[in-house]
Amino acid sequence: MQTRKKYIFLTFLASWLLLFFFGGDQLRRFAFFSGKKAEARRNWPRWTDRSLLKSFANPEELQSDGDPSLPSPRERRAARLNVYKNSRCRMETCFDFSRCEKHGFKVFTYPRERDQPLSESYSKILTSIERSRYYTPNPEEACLFILSIDTLDRDHLSSQYVRNVDEKIRGFPLWNGGRNHLIFNLYSGTWPNYTEDLGFDIGQAILAKASFYTQNFRPGFDISIPLFSKDHPQRGGERGWLYQDSVPPKKKYLLVFKGKRYLTGIGSGTRNALHHIHNGKDIISLTTCKHGKDWEKHKDTRCDKDNVNYEKFDYQELLHNSTFCIVPRGRRLGSFRFLEALQAACIPVLLSDGWELPFAEAIDWGKAVVVGNEKLLLQIPSVVRCIHPEQVLAFQQQTQFLWDAYFSSVDKIVHTTLEIIKDRLLPHRSRSRFLWNVLPGGLLALPEFSTHLGDFPFYYLQRGSSPSEKFTAFIRVISPSGSLSQPLLRLIQAVSGSQFCAQILVLWSCEKPPPPSEKWPQTSVPLSIIQGQGKLSDRFFPYAAIRTDAVLSLDEHTSISTSEVDFAFVVWRSFPERIVGFPARSHFWDPEQRRWGYTSKWTNELSIILTTAAFYHRYYHSLFTWYLPAGLRELVDGLATCEDILMNVLVAAVTKLPPIKVTQRKQHKENVPQQVGCKEGSAETPPAGEQSPSPQHSPPAKVKGTAGGRRFSQRQDCLNQLADWFGYVPLVSSQLRLDPVLYKDQVSILRKKYLHLER
């Protein structure tokens, strides 16, 4: 027994000796062996021990809490709560839908105060609303309210900063805690933190803001808008830079950036690292610290070299010749560079973590931009190199569509904002995401007309379908006698003889009542009379009686044959989004008069098909009535012979395509009665980048008689006033005319389908 105890003791002692020999240093660190409770220490050098830990940063920086110019999480949270006291606002909780039920979606802008200055950008926003179809001068009819106080720049260091906004808005009787109000903002916060503090309580108002941080964004309530400069055009806007001859999509440079580098403060981290991806070949990344008043005080060792290289490249040239453009955050999340890249068809590569992209509620940005991570900058070159050329071209085309549809002017930015809000009011009648992201865009696909793709003239090809096989003849009668003229009777007989005619509608615009039904000719198709209101725009009203996709617009004095009608309709079914017809006209820029000209001479070019004999889709009636502002329709009603030009301008603005002229008989004439005089028009110089369809165009044809000359002058005045309204001339010129197969060919007449066209 004693021996056994002896062996156990020796074994235990040997184990402890081995443990102390191999691991004693570690054991001595435990408080158990020190005899007191002490904190365990890691076997790792301290941050301040320079001899053991080589660092790229100073030890003082590593021991500090971070960049003192950056806001702490607590400061960010406090700023957010200060701005968004109603952070849980949604349309269902903070918006009064009842205000929109009686008069629809109407917008009221507060009266402008004389002593209250407005920035150029905010003046453009208010003008866009007041010129639009949404505007109402009566606050009782309004669904949405816009302040007249400039809230775009809320940087209190800015000269455009408006003070005491809280006190001013509390005095407005319509404010109601911000309910049903929309506030626009481009710049928020100031140096050094650039928080989203607006300096006043927005209450329950919807915020349309640039550089929106996702954590502050209230989904389904707020709207993220792009940052745009004060020089952004009011309406119209310049075209994108991608043209048909830009294929293949590969350009001189793969990836470029040229811009400021911030040495300190928020936004400096990303831009300071951009030089790492510069290779001087297909990737150009240039920065400069030469900006601001005190840049020399903060400059580092790279500044002088960067400033020299920065001047070697032109920014516009880089945009034109690069496939991808880096769009990093600045002091705020958004930058002007985003819209510049979109216009240039330079695919934006975003490096702005947490940015709620503009109109992301409607726009699918995954088809137009590359979203990068600021922390993974070095992976960007390999990412963009892996994108297939076909997808690159698709991205470029989508940038051009988005630029033209939603961002090329202040009007489009404002109207897109309002239409998104309008869609929220009636979700069951809102546009689908598909309509927002394909041509012609959400602004031109009105849900008042339909939410079904097959009802619009733009989507037949995507759906693999065709428009209906019948048309409605729509004849406008304006004879002062109030009786049925012989040309009208012949026209009704010719149109009713078409195998494709479903019905004939007569718009009776005479002061005298129409003749009784027994006076009208007997036709093989239904004939109905619609009493007009005496306005020229009546002919393009969306009457419920029009049930076919195609509308044949005619005047009572138009001379046309059944064969011409049949052939024109067959052509239109192949081009349902365009105007297809007979009498053609063209426009041109007159450099001597410095205004747009209108000519009726038979030339090789055309840009207008008169609606005295033309096919088009019935959707354009809805677009004419509901899309165009009331002021523009009033202009047309006041200017005789202007409504058909406006319809051509509207269709060209939607489709970006010219009308189509079809074969007509030689004896085809356009006999139009005399019209009343019109107001004096205004001239306009062509917008930048606008091309005259025919600079060497011959002067307009002389028109016999004072009435004809006056009517011709009215049309030119109309064209120039429409150019002022749209900001440019949307008309597209063409040299195309479509003839039947074997037209004028020396073959047997039995082989020709449309025999009467050659007589």
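These are my notes on one surface patch and two sets of strands in a predicted model.

**Entry 1: the patch.** I looked up nonpolar side chains on the surface and found a patch made of Y7, F9, L10, L13 and L17. Together these residues have about 560 Å² of accessible area. I then took L10 on its own and placed it in helix α1, which covers residues 2–27. Is L10 buried, exposed or partly exposed? Its relative accessibility is 43%, so I entered L10 as partly exposed; that class lies between under 20% for buried and over 50% for exposed.

**Entry 2: strand β6.** I went to β6, residues 206–209, and checked its two faces. Both are covered: I206 and A208 are buried on one side, L207 and K209 on the other. Next I looked for the pairing partners of β6. Strand β4 (residues 181–185) pairs with β6 in the parallel sense, over 4 bridges. Within that pairing, I noted L182 opposite I206. Strand β7 (residues 223–224) also pairs with β6 in the parallel sense, over 2 bridges. Here K209 has S224 in β7 as its bridge partner.

**Entry 3: the sheet with β18.** Which order do the strands of this open sheet take? I read β19-β18-β20, 3 strands with antiparallel pairing. The edge strands are β19 (595–599) and β20 (608–609), because each of them pairs on one side only. I followed the pairing of β18 (residues 584–590) with β19 and found 5 bridges, in the antiparallel sense. In that pairing, D590 stands opposite R595 of β19.

Definitions and conventions: Residues are numbered from 1 along each chain as its sequence is written. This is a predicted model: local features need pLDDT of at least 70, side-chain atom pairs count only at pLDDT 80 or more; totals for chains, interfaces and linings use all residues. Side-chain values use heavy atoms; hydrogens and water are left out. Patches are made of residues with over 30% relative accessible area and no salt bridge: like charges are joined within 9 Å, nonpolar side chains (Val, Leu, Ile, Met, Phe, Trp, Tyr) within 5 Å. Accessible areas come from the Shrake-Rupley method with a 1.4 Å probe; for residues, only the protein chains shown count as cover. A salt bridge is a side-chain nitrogen of Lys or Arg within 4 Å of a carboxyl oxygen of Asp or Glu. Buried means under 20% relative accessible area, exposed over 50%, partly exposed in between (1.4 Å probe, protein chains only).
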